[in-house]
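This briefing concerns one region of a protein model. Please consult the sequence and the coordinates shown below while reading.

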Amino acid sequence: MAHARGAVRTGAPLPNAGHAALVDLERQGRLRTIVTQNVDGLHQAAGCSPDRVVEIHGTVHEVECLGCGDRTTMRSALERVASGEPDPACLVCGGILKSATISFGQELDARAVTAAVAAARDCDVFLAVGTSLQVWPVAGLVEVALRSGAQVVIVNAEPTPFDDLASLLVAEPIGASLPRLLTAG
Ligand SMILES: [Zn+2]
C-alpha cells in the first residue's frame with residue numbers, strides 16, 4: 001500500500017489518499033463493499049462504514065478466543081493487561097485469546113469469504129487496488145466478477161495475472177492514481 005507523500009508518521013499507520021478516495025466513493029453511493037487483505041482497520045479509520053468492509057485476513061483491532069470464537073476489542077484486552085492480567089483469558093469460556101487475524105495456514109473466516117464472493121457477484125465494476133491478485137481467495141473474486149458480467153479495473157504498480165481481462169489498467173501507485181481515477185468517475 002502506498003503512503004501519501006508528506007503524511008505524518010506516528011506509531012500507528014494513518015489512512016492515505018487511496019483510503020480517502022474510497023470514502024468519497026461510498027459517500028457518493030457508488031461503493032458496495034470493500035474486500036481487504038489488510039488487517040490494519042484503516043478503511044474504517046478513514047471513514048468507510050464498518051459494515052461495508054470485509055476483512056478477509058481479519059483485524060488487529062479485535063481479539064478472538066481460540067476455544068469458543070468469542071470476539072472482543074483489542075483495546076479491552078490491552079486494558080486488562082494494563083490492569084494486571086498478564087495473559088487475559090476469554091471471559092466466556094476461559095480459553096486463549098489471540099489477535100483476530102488469520103495466521104499462516106489458518107482457515108479463512110467463512111462468513112468473510114461468503115460476503116466477498118457475494119459482493120464480487122453483485123457489482124458492475126470490480127476495482128482491484130494495490131494487490132498482485134495472485135493469492136486465493138482474492139484472485140478468485142476477479143473471476144467471479146468477470147463471470148457475473150462486471151467490468152474489472154486494476155490499479156496496481158506491478159503487473160497482475162488478470163491485466164489482459166481488465167477493462168482499465170492503471171499501473172501507477174494508488175495514492176496518486178486512485179483519487180484521480182475516482183474523481184474522473
Ligand atoms: Zn472462549
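Why is strand 7 largely enclosed by the rest of the structure? In this predicted model, four of the five residues of strand 7 are buried, so the strand is largely enclosed by its surroundings. The points below place strand 7 in its sheet, then turn to helix 5 and to the loop that precedes this helix.

**The sheet around strand 7**

- Strands 6, 7 and 8 form an open sheet in the order 6-7-8, and their pairing is parallel.
- Strand 6 and strand 8 are the edge strands of this sheet, each pairing on one side only.
- From one strand to the next, the twist averages 10°.
- Strand 6 and strand 7 run parallel and are joined by five bridges.
- Within this pairing, leucine 127 has valine 153 of strand 7 as its bridge partner, and alanine 128 stands opposite isoleucine 154 of strand 7.
- Strand 7 also pairs in the parallel sense with strand 8 (residues 168-170), over three bridges.
- Here valine 155 stands opposite valine 170 of strand 8.

**Helix 5 and its surroundings**

- Strand 6, helix 5 and strand 7 together make a β-α-β unit, which is right-handed.
- Helix 5 spans residues 138-147, and its residues Val138, Ala139, Leu141, Val142, Val144 and Ala145 are buried.
- In an α-helix, residues three or four places apart point the same way, because there are 3.6 residues a turn.
- The cover over the buried residues of helix 5 includes strand 1 (34-36) and helix 4 (110-121).
- This cover also includes strand 6 (125-129) and strand 7 (151-155), which are the two strands of the β-α-β unit.
- Just after helix 5, glycine 149 adopts a positive phi of about 90°.

**The loop between strand 6 and helix 5**

- Most residues other than glycine have a negative phi, and most peptide bonds are trans.
- Leucine 133, which is not a glycine, nevertheless has a positive phi of about 55°.
- Leucine 133 lies in the loop between strand 6 and helix 5.
- With a relative accessible area of 1%, leucine 133 falls under the 20% cut-off and is therefore buried.
- Proline 137 is found in the loop between strand 6 and helix 5 as well.
- The peptide bond from tryptophan 136 to proline 137 is cis, its omega being near 5°.

Definitions and conventions. Residues numbered from 1 in each chain as written. Predicted model: local features only at pLDDT ≥ 70, side-chain atom pairs only at ≥ 80, totals over all residues. Heavy atoms only, no water. Buried < 20%, exposed > 50% of the residue type's maximum accessible area, 1.4 Å probe, protein only. Contact = heavy atoms within 4.5 Å. Pairing = 2+ DSSP bridges. Right-handed = clockwise from strand over helix to strand, strands pointing away. Axes fitted to C-alpha atoms, helices over the stretch in contact; angles between N-to-C directions.
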